Amino acid sequence: MSHADVARILALSVEERLRLIELIWESLNANSAEIPLSDAHLEILAERMAEHERDPDDVITHEELLTMVRRRR
């Protein structure tokens, strides 16, 4: 990506840049298996899986999570 490309992106309106971010995110999500995970991320995932395996009943539903997040606002 050239400096000219970056300058054109930065010249976009906030709304246009947000839309660009959305498009880029969607393209990454479509190829998520290709995104490398760092050793730190792999370690966190292993820890969380071990926690879950120790106590598989210690979970909350998606709805419960949303309720908790909304209460914090």
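**Close-ups of a four-helix chain**

**View 1. Asp 5 is partly exposed, with a relative accessibility of 27%.** Keep in mind that this is a predicted model. Asp 5 has a partner here: its side chain meets that of Arg 8 in a salt bridge, with 2.6 Å from N to O. Arg 8 counts as exposed, because its relative accessibility is 55% and the cut-off for exposed is over 50%. Both residues belong to helix α1, which covers residues 3-11, and they sit 3 residues apart, so about one helical turn separates them.

**View 2. Arg 19 and Glu 22 form a salt bridge in helix α2.** What is the N to O distance between these two side chains? It comes to 3.2 Å. Arg 19 and Glu 22 are 3 residues apart in the helix, so about one helical turn lies between them. Arg 19 is partly exposed, at 40% relative accessible area, and Glu 22 is partly exposed too, at 38%. As a rule, side chains of opposite charge can pair when their charged atoms come close. The count for this model is 2 salt bridges.

**View 3. Ile 24, Trp 25, Leu 28 and Ile 35 make a nonpolar patch on the surface.** The patch takes up about 420 Å². One of its members, Ile 24, is found in helix α2, which runs over residues 14-30. Is Ile 24 buried, partly exposed or exposed? With 44% relative accessibility, Ile 24 counts as partly exposed, because buried would need under 20% and exposed over 50%.

**View 4. Stepping back, the protein chain has 4 helices and 0 strands.** Starting at the N terminus, its elements read α-α-α-α. The C-alpha trace spans about 55 × 35 × 20 Å along its principal axes. The radius of gyration is 19 Å, while a compact globule of 73 residues would come out near 11 Å. How much of the chain is buried? Buried residues make up 0% of the 73 residues.

**View 5. The surface of the protein chain carries about 7200 Å² of accessible area.** Carbon and sulfur atoms account for 58% of that area. As for charge, the chain has 9 positive and 16 negative side chains. The centres of these two sets lie 9 Å apart.

Conventions. Residues numbered from 1 in each chain as written. Predicted model: local features only at pLDDT ≥ 70, side-chain atom pairs only at ≥ 80, totals over all residues. Heavy atoms only, no water. Patch = residues over 30% accessible without salt bridge, like charges linked within 9 Å, V, L, I, M, F, W, Y side chains within 5 Å. Areas by Shrake-Rupley, 256 points an atom, 1.4 Å probe, with all protein chains shown as cover. Salt bridge = Lys/Arg side-chain N within 4 Å of Asp/Glu carboxyl O. Helix = DSSP H or I, 4+ residues; strand = E, 2+ residues; numbered from the N terminus. Buried < 20%, exposed > 50% of the residue type's maximum accessible area, 1.4 Å probe, protein only. Rg over C-alpha atoms; globule rule 2.2 N^0.38 Å. Lys, Arg positive; Asp, Glu negative; His and termini not counted. Charge placed at Lys NZ, Arg CZ, Asp CG, Glu CD.
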